[in-house]
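Work through the exercises below with the model open beside you. Try each task before reading its solution.

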Amino acid sequence: MIKQGIADLIAYEIKQGVITNRDKVYVKNQIYKLLDLTIDENQKYEANDIKYPSDALNPILDDLEKRNILDGSFIARDLFDSQIMNIFADKPSVIESIYHKKYKSSPRDAMLWYYTYAQSLNYIRMDRIAKNQAFKAKTPSGDLQITINLSKPEKDPKSIMMQAKQQATSYPKCVLCVENEGFAGHATRDSRNQHRLLKFEMNRYNWYFQYSPYIYYNEHAIVIQEEHVPMKISTMTFKNLIDLTNRFEGYFFGSNADLPIVGGSILSHNHYQGGHHDFPIQDATTFYEENRDSFKLSLLNWPLSTIKLSSKHKDVLVEQATHILEAWKSYQNEDLDIIAYTDKTRHHTITPVVRKENNIYHMYLILRDNHTSEKHPLGVFHPHEDVWHIKKENIGLIEAIGLAILPKRLVEELDAVKAYILNDLALNDAYKKHDIWAKSLKTIYKKEQNIDTFIEEQVGLKFERVLADCGVFKLNKDEKEMISFVKEALK
Ligand SMILES: [Zn+2]
């Protein structure tokens with residue numbers, strides 16, 4: 001089985017264009033040595049067609065477990081299979097030069113080549129990502145997108161033990177650092193053996209482009225500053241996001257906010273996210289529009305307070321976005337519970353997103369406020385307690401524009417809620433957090449409705465509520481205040 005797996009994998013990588021027939025002997029020798037196997041020249045293996053690298057890697061890893069080379073934990077498997085895949089991978093400089101050569105004749109082809117390369121090398125584990133459950137849900141704010149993240153493997157007891165024993169390490173400083181390129185990993189750090197970055201210069205700083213190994217949408221990209229410096233929303237952010245939409249054709253780019261609660265999970269390393277995907281915020285209608293000399297202003301019917309600026313002049317957008325950022329930093333409106341500062345601690349920032357369509361840049365500026373109160377200790381403009389049974393975590397960039405990433409636990413929990421609605425099966429103690437919601441759903445559910453569609457719609461409505469909690473100017477209530485804030489901010 002193990003030798004069959006190797007033959008399948010080599011044939012797959014030739015088909016994918018990662019290696020050529022010329023590399024076959026070298027690669028085979030390297031893999032056999034790594035797996036502590038001897039080559040028998042008389043044995044021939046007819047390669048099978050495989051869909052994912054894991055189709056070949058799994059039998060190889062199973063065999064290593066039988067031979068006690070691996071201990072049976074998923075961490076040991078993940079750390080090891082990336083060593084196998086690294087044998088196929090070119091060095092970063094080679095990959096960059098192939099990319100740049102392709103880019104000259106077609107940027108789009110170059111990006112797709114690099115994206116496919118990362119999948120062929122199993123750096124993006126597409127077999128796991130394919131497990132995610134995704135659906136659209138109709139809400140008054142439009143069709144929101146929901147993904148239940150099932151791509152992370154279950155933690156087994158051996159892996160948990162390995163993680164407990166692992167000493168804290170400070171290299172690389174974080175999971176985004178460029179030092180992850182080729183990093184072997186350990187119990188608490190994913191292996192990045194076959195990870196390769198693309199370096200480029202932007203506005204006088206060095207940056208790196210990569211795809212996310214956990215893609216949540218098509219061509220989910222990450223752009224990382226060379227230095228491990230904290231997230232910072234500034235004029236430079238607006239400039240960079242616009243430049244990125246020119247460099248990576250057809251992609252949107254955005255940044256998480258730079259403050260806790262309203263930022264993403266990593267605040268310690270400046271980075272952006274982008275990709276080839278349409279988000280619900282793009283379809284939002286407007287409650288206010290104004291054509292100025294060189295740009296158009298629109299205020300969106302979107303649960304999070306969003307100002308959209310459109311123009312073909314990038315300098316105009318950068319300038320106006322800066323005015324809004326500066327004005328928002330000090331905007332205080334106690335009647336609406338919008339608080340700019342507590343002593344010297346700043347609460348206000350922006351989650352910015354840029355798209356380019358038909359040579360017009362569209363910049364979305366989502367206003368954020370991270371202050372807390374006695375009633376809302378996790379954040380006044382953060383999901384409130386009554387929606388925590390669906391989502392308690394921070395609402396970062398991706399969710400703020402309409403794509404919910406929900407945890408795996410929900411699959412079982414939603415099944416329990418369905419059983420309660422259909423068959424009156426009581427929720428067990430672990431699922432009691434859904435009690436109030438389940439009861440209210442039972443009263444509105446109609447027998448002729450498809451229960452799966454019904455629950456999906458209800459999860460969508462909950463997600464809309466989650467987003468509405470994060471809106472600083474509430475829709476259908478504070479429009480006047482939002483208009484006057486923006487008019488005053490723009491010059
Ligand atoms: Zn870092």
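**Exercise 1. Find the spacing of the zinc donors along the chain, then describe the site.**

Step 1. The donors of the zinc ion follow C-x2-C-x50-H-x40-H along the chain. A donor is an N, O or S atom within 2.8 Å of the metal (3.2 Å for Na, K and Ca); water is not among the atoms, so sites may look incomplete.

Step 2. Assign the atoms. Cys-174 and Cys-177 each give SG, and His-228 and His-269 each give ND1, at 2.1 to 2.3 Å.

Step 3. Check the geometry. The angles among the four donor atoms are 102 to 122°, and the site is tetrahedral. For four donors, that label requires all angles to lie between 85 and 135 degrees. The ideal angle for four tetrahedral donors is 109.5 degrees.

Step 4. Place the pair Cys-177 and His-228. Cys-177 lies in the loop between helix H8 (157–165) and strand E3 (198–202), and His-228 in the loop between strand E5 (221–225) and helix H9 (235–247), so this pair ties together parts 51 residues apart in sequence. Helices (H or I, at least four residues) and strands (E, at least two) are DSSP runs, numbered from the N terminus.

Step 5. Compare with the accessibility cut-offs: buried is under 20% relative accessible area, exposed over 50%, partly exposed in between (1.4 Å probe, protein chains only). Cys-177 counts as buried because its relative accessibility is 5%. His-228, at 29%, counts as partly exposed.

A note on the source: this is a predicted model, in which local features need pLDDT of at least 70 and side-chain atom pairs count only at pLDDT 80 or more, while totals for chains, interfaces and linings use all residues. Residues are numbered from 1 along each chain as its sequence is written, and side-chain values use heavy atoms, with hydrogens and water left out.

**Exercise 2. Give the strand order of the open sheet and name its edge strands.**

Step 1. Ten strands form the open sheet, in the order E3-E4-E5-E7-E6-E13-E14-E10-E9-E8, with antiparallel pairing. Two strands pair if DSSP finds at least two bridges between them.

Step 2. The edges are E3 and strand E8 (286–291), each pairing on one side only.

Step 3. Neighbouring strands are turned by 20° against each other on average, direction ignored. Axes are lines fitted to C-alpha atoms, for helices over the stretch in contact; angles run from 0 to 180 degrees between N-to-C directions.

Step 4. Zoom in on one pair. Three bridges join E6 (residues 252–254) to E7 (residues 271–275). Phe-252 has Gly-275 as its bridge partner in E7.

**Exercise 3. Which strands does helix H10 touch, and does its length agree with or depart from the expected span?**

Step 1. H10 (residues 314–330) packs on the sheet and touches E10 (306–311), E13 (348–357) and E14 (360–369). Contact means heavy atoms within 4.5 Å. The direction of H10 makes about 10° with that of E14.

Step 2. The expected span is 1.5 Å times one less than the number of residues. The 17 residues of H10 should span 24 Å; the end C-alpha atoms are 25 Å apart, which agrees.

Step 3. Buried residues of H10 include Val-316, Leu-317, Ile-324 and Trp-328.

**Exercise 4. Is Thr-147 buried or exposed, and where is this residue found?**

Step 1. Thr-147 is found in strand E2 (residues 142–148).

Step 2. Thr-147 is buried, because its relative accessible area is 7%.

Step 3. Beyond four places in sequence, the contacts of Thr-147 include Asn-132, Tyr-216 and Leu-403.

Technical notes: Four donors count as tetrahedral if all angles lie between 85 and 135 degrees; four count as square planar and six as octahedral if opposite donors are over 155 degrees apart and all others between 65 and 115; anything else is irregular.
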